[in-house]
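The exercises below are meant to be worked with the sequence and the coordinates side by side. Try each task before reading its solution.

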Amino acid sequence: MDLAELQEIGEKELAARKPIRIRVCTAAGCLSSGALDVQKRLEEAVERASLGATVEVCAVGCMRLCCEGPLVQLDPESSLYERVSSDQAPSIVAGLNGGAVTARRCDPGRPFFARQKSIVLENCGAIEPERIESYIAAGGYRALYEVVREMNPAEVIDAVTRSGLRGRRGAGYPTGLKWGMVAKNQGPHKYVVCNADEGDPGAFMDRSVLESDPHRVLEGMAIAAYAVGADLGYIYVRGEYPVAIRRLETGIRQARRLGLLGTQIFESPFNFRVDLRIGAGAFVCGEETALLASIEGGRGSPRPRPPYPAASGLWGNPTLINNVETFANIPVIIRNGPDWFAAIGTEKSKGTKVFALAGKIRNTGLVEVPMGTSLREIVEEIGGGAPEGGKIKAVQTGGPSGGCIPAAALDTPVDYESLVQLGSIMGSGGMIVMDETTNMVDVAKFFMEFCMDESCGKCIPCRAGTVQLHRLLARITQRKATADDLARLESLCQMVKLTSLCGLGQSAPNPVLSTLRYFRNEYLELLGDDAATPSSTM
Amino acid sequence: MAAVKTLSIDGRLINARGDQTILEAAKEAGIAIPTLCHLEGVSDVGACRMCLVEVGDPPRLMPACTTQVFEEMKVQTSTERLRNFRRMIVELLFAERNHVCAVCVANGNCELQNLAERVGMDHVRFDYLYPKLPVDISHERFGIDHNRCILCTRCVRVCDQIEGAHTWDVAHRGVNARVITDMHQPWGTSPTCTSCGKCMQACPTGAIFAQGSTVGEMERNRSMLTFLINAREKKQWNI
Amino acid sequence: MEHLKLATMWLAGCSGCHMSFLDLDEFLIDLAGMIDIVYTPLIDAKVFPGRVDVTLLEGAVANQDHLEFVKMVRARTSILVSFGDCALTGNVTAMRNPLGGAEVVLRRSYIDSGDAGAQFPSSPGVLPQLLDRVVPIHHVVPVDVYIPGCPPPASRIRAVLEQLIGQHPAQLAGTDLKFG
């Protein structure tokens, strides 16, 4: 495969495109609302109307507005239809010839779409995820060519560093710096691992990217492998994402067939192959050292760090481990240049962030905005605010590791540092909106129950501590707790946070601490005077 | 050979080899740091968090058993908050399962019991969970009482790294985690167990015991394990 | 100087801690000169006084009577001492907890293992109801001093009493904290 062949594939694909395209979202959300059947009825209608020469129906990826799925959009007129049922589908085809369309229209220019900036998600909803030709036609694998044939590894790392990209999960470690560490470390073998074990309740950003644009992640990993000197990669996908797994398998197979993965990529000495590893239902395997242990075939238990995976990861070798969204940013950074990327976002947080908006919000779905966008803009203008005139009370970010940001702080710009200052974290990008009917102590208890269930059991503070924290929270919500219990709760939170072995335990108390900080009165209201509790001088 | 480093532990300047852990360096200098999941001769896992020490300024909590020393490292082993946390860890353990010292074979010879004294625990400030846990006496010589197990995994590591049988491992998650034999079967049916008794020697509490011992009679012979390790690694066959 | 008013009682316990108390031997004579024992099962007292300085409570809280008694004692006592492992941790008496609630235990004892005429023992007003869970005393009311041990050795009991009589806060340390 050389550049000319790559370009030819793209040109052929574009040339074969029919003038009119009917795009149907077939990401998980719309699939469960019946998108496949909608697609089938559309195809049948096109055939019945003998429009096959000018009209094609394409199964594409996520179109963002998940709460109104199944979504169907037409090119070039860009009409968008929401909640399309199987019965309404044929009318869309009829509408091409002036017939009445019974499906409900959705304004593609509404703030939910207009205010987003698609970089990571640029291909989602536009290309067909199960056809590599579709990705290539959109410019896919061009960045890999440039990297492999026109740049040396140091230049690639430099570009990523200058872009200012930070890891899109966890603490936002500078990506270029991490790549540089792996590149400099010595080892008989080096690996690139993609963490696709998206486990936060309410987070579906990675799922959407993998289902809608899997090749983007493969390309990003290949570029990373070239930069750090790795020749083998693993994508660790959670088992609960069967559509993503299937599309990744298809993508890997297609890429190998075209020589874009495997040996001597683009006729250079660079080899890179990717294998999938499927998770088996453990949230803790999203923690990098537990994930690596799982890939090695062991129990998904974290290991103390240092040593960090960049120095000693898979089987003791230097391992680069990044998240799906981080890798998804790489091809576009190479293509458009690091300065272009660095011009987006804030001084310390460059680029965009994908959020999964859910909860008490009108517009549930995927939102991609530049870093620095205010929370208010995200939840009120893009998200449409609370349904039925309710009032937003708090926004939870970072899942079970994060915190609740009160409505009073909604003007905060979203970036890594500002969220940490508010007592939360950016985390995965899950954003759950709560209104006046939400009880914040219940929220804290819910997330603690999650951490308690998902604790691996290796270290005592997390294994035994989360159980006790959950019991205390349950007692509080049942109005059986006293001020002593609250003091015990806070003291134990500090202990679990500071002494747990890995991020799961260290951040399990965050929702409690955050709700105590901003909604302490909700806890105090539930306390009683009965001295029917263990005495404590904790 | 790793270069020698100079570091300070509790204000004292000491020397250590660059590949030693804080725990090893402290031990050589006569400074005792409490441990539970650490066992001389097998790998360290940093699981119990008892050996957490404060390193540097602002202080970071790091496990002494897995953290390597570096030049001019400043370590505090016994600050007030560390002592507080250690007590809480022991209390969490006592609350987690059913540790009834009065009727336990290891009463008086138990590392957990000793630790409780050391951290000043006179009562447990957490809810006792009272889980229902089994006792497995299917093996002809030994038994395991899960009520007394603290999941330190010393048995797992000893059986894997010293005996080489890997009969023990861990199953399930969180508070439901359990040490299991082979494919989660009764110990007596294990085809891999060699009945060497190393796991019983390694167990810090009365969880793994020799059948026939009654309350307070389980005395362990830890020197048996040290002897084996010295023999293998240093080729020293007499103690 | 007014004598320290001391009360003792056992709840769900074997009275072994009280036997250990009696092991104070000759010190009991000295003790008699320093305290007034106002209530104890050892001297057939019938009424718990309205005001007590120190109460040593042995045993865990296992039935309804214990629950009420403990709350009454807490209200009338300045310094409440959890006396022995059963009071502190539940100990042997709490070993029925993992089996299930009161009914499971009663069924096993009186029905499954019973002979002819097996039935749950029942005598309302006389036989107290079993609680579904045996709990240490400090899970019911705040406790001031803890004496571990099964039983605590007499020397340990003496150390605490001397501190309390001398109006010092009672502090145990080292091997005096050994359970079991």
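Helices (H or I, at least four residues) and strands (E, at least two) are DSSP runs, numbered from the N terminus. The model is predicted, so that local features need pLDDT of at least 70 and side-chain atom pairs count only at pLDDT 80 or more, while totals for chains, interfaces and linings use all residues. Residues are numbered from 1 along each chain as its sequence is written, chains are lettered from A and ligands numbered from 1 in the order in which they are written, and side-chain values use heavy atoms, with hydrogens and water left out.

**Exercise 1. Place Asn123(A) in chain A, and decide whether Asn123(A) is buried or exposed.**

Start with the secondary structure: Asn123(A) belongs to the loop that joins helix H5 (111–114) to helix H6 (132–137) of chain A. Next take the accessibility, where buried means under 20% relative accessible area, exposed over 50% and partly exposed in between (1.4 Å probe, protein chains only). Asn123(A) has a relative accessibility of 8% and therefore counts as buried. Finally list the contacts, a contact being heavy atoms within 4.5 Å. Once residues up to four places away in sequence are set aside, Asn123(A) touches Tyr135(A), Ala138(A), Asp213(A) and Arg216(A).

**Exercise 2. Find how many residues of helix H10 of chain A are buried.**

Helix H10 spans residues 205–212 of chain A, and 8 of its 8 residues are buried, which makes the helix mostly covered. Going through H10(A) by name, the buried residues include the charged-type side chains Asp206(A), Arg207(A) and Glu211(A), where Lys and Arg count as positive and Asp and Glu as negative, with His and the chain ends not counted. Met205(A), Ser208(A), Val209(A), Leu210(A) and Ser212(A) are buried too.

**Exercise 3. Describe the overall build of chain A, and then its division into domains.**

Begin with the inventory, which for chain A is 23 helices and 14 strands. The radius of gyration, taken over C-alpha atoms, is 24 Å and close to the 24 Å that the globule rule (2.2 Å times the number of residues to the power 0.38) gives for 538 residues, so chain A is as compact as a globular protein of that length. Along the principal axes, the C-alpha atoms of chain A fill a box of roughly 80 × 65 × 40 Å. Buried residues make up 62% of chain A, and among its contacts with a separation of 6 or more, 73% come from residues 24 or more positions apart.

For the division, whose bounds come from an automatic or database domain assignment, chain A has domain 1 (14–114), domain 2 (139–342), domain 3 (352–434) and domain 4 (440–526). The C-alpha centres of domain 2 and domain 4 of chain A lie 34 Å apart, and the contact between them takes 13 residues from domain 2 and 10 residues from domain 4.

**Exercise 4. Work out what helix H3 of chain B packs against.**

In helix H3 (residues 111–118) of chain B, the buried residues are Leu112(B), Gln113(B), Leu115(B), Ala116(B) and Glu117(B). These buried residues of H3(B) pack against helix H2 (80–96) of chain B. Just after H3(B), Gly120(B) takes a positive phi of about 80 degrees.

**Exercise 5. Identify backbone geometry that departs from the usual pattern.**

As a reference, most residues other than glycine have a negative phi, and most peptide bonds are trans. Take the peptide bonds to begin with: the bond from Asp75(A) to Pro76(A) is cis, with omega near 0 degrees, and Pro76(A) sits in the loop between strand E3 (72–75) and strand E4 (80–82) of chain A. In chain B, the bond from Asp57(B) to Pro58(B) is cis, with omega near 5 degrees, and Pro58(B) is found in the loop between strand E3 (52–55) and strand E4 (60–63).

Then turn to phi. His166(B), although not a glycine, has a positive phi of about 50 degrees; His166(B) lies in the loop between helix H4 (154–163) and strand E8 (168–171) of chain B and is partly exposed, with a relative accessible area of 33%. His184(B), also not a glycine, has a positive phi of about 65 degrees, and at 45% relative accessibility His184(B) counts as partly exposed.
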